[in-house]
Amino acid sequence: MKSFKFTFIFTFIFLVFANLSAQRAGQDENWSTSLELGVASSSGTYTSGYSSSALNNFSTSIGLRYLFNSERRLYKPYGIRLKGGFTNLTGDNDSRDFETTVYHITLDGVLNIKDLLKLRSPDWPDGFNLFVNLGVGASHYELWDEARYSDVNDGYIFDGDDLVTINFGTTAEYEISTDFSLHLDLTYSLFTTPDFSTDGNSTVEGIGSSRGNFDPRMFRASIGVTYFIPF
């Protein structure tokens with residue numbers, strides 16, 4: 001139920017941006033927002049008998065991106081992106097039942113490969129952009145009620161587990177109009193400072209890991225739509 005509530009909130013925010021009455025006046029915009037839906041897999045710190053390695057876990061996110069101008073506004077080679085969302089992890093075919101919801105927010109540096117290399121038609125396909133990103137953020141693991149450590153607070157605000165996140169990935173984007181583009185986003189995330197296993201049934205020390213390891217790990221593949229905001 002919480003996953004549906006967050007999906008509704010993300011969709012509502014995106015539609016607010018998409019229905020702004022201002023016009024873009026025909027020029028490229030620096031600001032954009034995006035909505036993504038996808039799948040995810042997770043590996044690393046699991047109690048024996050638990051796993052979620054199959055790429056069949058639901059994931060969604062919303063983002064806000066700003067690209068900086070260069071050379072009299074002709075190019076936008078780099079920028080920043082704030083992105084937040086959640087992933088719902090469940091056991092794969094070889095796992096016992098469990099459910100963990102991962103909420104995440106990151107601030108990424110973004111490189112626009114097309115503008116970084118100053119590529120234009122015919123050397124680069126019209127309407128196509130490729131971005132790479134690297135960033136850091138925070139994640140919260142909400143453990144299901146049947147997990148052994150579901151009601152244990154790790155010392156922060158909420159019950160569950162709070163982690164530091166490092167993201168890197170790439171986004172292929174194709175403009176379908178002056179206002180919208182479609183994109184494919186591939187993101188790999190490393191997590192550190194966990195107190196519990198991803199399934200919530202062990203401490204990290206109990207499964208031979210440590211809070212300092214870059215573990216667990218997650219891969220997300222998403223499709224989405226980007227709206228260029230007419231500020």
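Colleague: Why does Asp-115 count as buried?

Modeller: Buried means under 20% relative accessible area, exposed means over 50%, and partly exposed is in between (1.4 Å probe, protein chains only). Asp-115 has 9% relative accessibility, so it counts as buried. Keep in mind that this is a predicted model, where local features need pLDDT of at least 70, side-chain atom pairs count only at pLDDT 80 or more, and totals for chains, interfaces and linings use all residues. Residues are numbered from 1 along each chain as its sequence is written, and side-chain values use heavy atoms, with hydrogens and water left out.

Colleague: What makes Asp-115 part of a helix, and what does it touch?

Modeller: Helices here are DSSP runs of H or I with at least four residues, strands are E runs with at least two, and both are numbered from the N terminus. Asp-115 lies in helix H2, which covers residues 113-116. Leaving out residues up to four places away in sequence, Asp-115 touches Tyr-75, Lys-76, Pro-77 and Arg-120; contact means heavy atoms within 4.5 Å.

Colleague: How do the elements run along the chain?

Modeller: There are two helices and eight strands, in the order α-β-β-β-β-α-β-β-β-β from the N terminus.

Colleague: How confident is the predictor in the chain?

Modeller: pLDDT is the predictor's confidence in each residue, from 0 to 100. The protein chain averages 82, and 78% of the residues score at least 70. Residues 20-27 are below 50, and that stretch has eleven contacts in the model beyond near neighbours in sequence.

Colleague: Why is Asp-97 called exposed?

Modeller: Its relative accessibility is 65%, so Asp-97 counts as exposed. Asp-97 sits in the loop between E3 and E4 and touches Tyr-50 and Trp-144, not counting residues up to four places away in sequence. The C-alpha atoms of Asp-97 and Ser-51 are 9.3 Å apart, with their positions 46 residues apart along the chain.

Colleague: And what makes Trp-31 partly exposed?

Modeller: Trp-31 comes out at 31% relative accessibility, so it counts as partly exposed. Trp-31 belongs to strand E1, residues 31-43, and is one of the residues in a nonpolar surface patch of about 950 Å².

Colleague: What qualifies residues for a patch like that?

Modeller: They need over 30% relative accessible area and no salt bridge; nonpolar side chains (Val, Leu, Ile, Met, Phe, Trp, Tyr) are joined within 5 Å, like charges within 9 Å. A salt bridge is a side-chain nitrogen of Lys or Arg within 4 Å of a carboxyl oxygen of Asp or Glu. Areas come from Shrake-Rupley with a 1.4 Å probe, and for residues only the protein chains shown count as cover. Strands E2 (52-70), E3 (75-90) and E4 (99-112) each supply at least two residues of this patch.

Colleague: Which residues have the most contacts inside the largest nonpolar core?

Modeller: Leu-89, Tyr-141, Leu-143 and Met-218, in a core of 14 residues. Such a core is a set of buried Ala, Val, Leu, Ile, Met, Phe, Trp, Tyr and Cys residues joined through side-chain atoms within 4.5 Å.

Colleague: What's unusual about the phi of Lys-118 and Thr-193?

Modeller: Most residues other than glycine have a negative phi. Lys-118 has a positive phi of about 55°, and Thr-193 has one of about 65°. Lys-118 is in the loop between H2 and strand E5 (128-143); Thr-193 is in the loop between strand E7 (180-192) and strand E8 (217-228). At 43%, Lys-118 counts as partly exposed, and with 23%, so does Thr-193.
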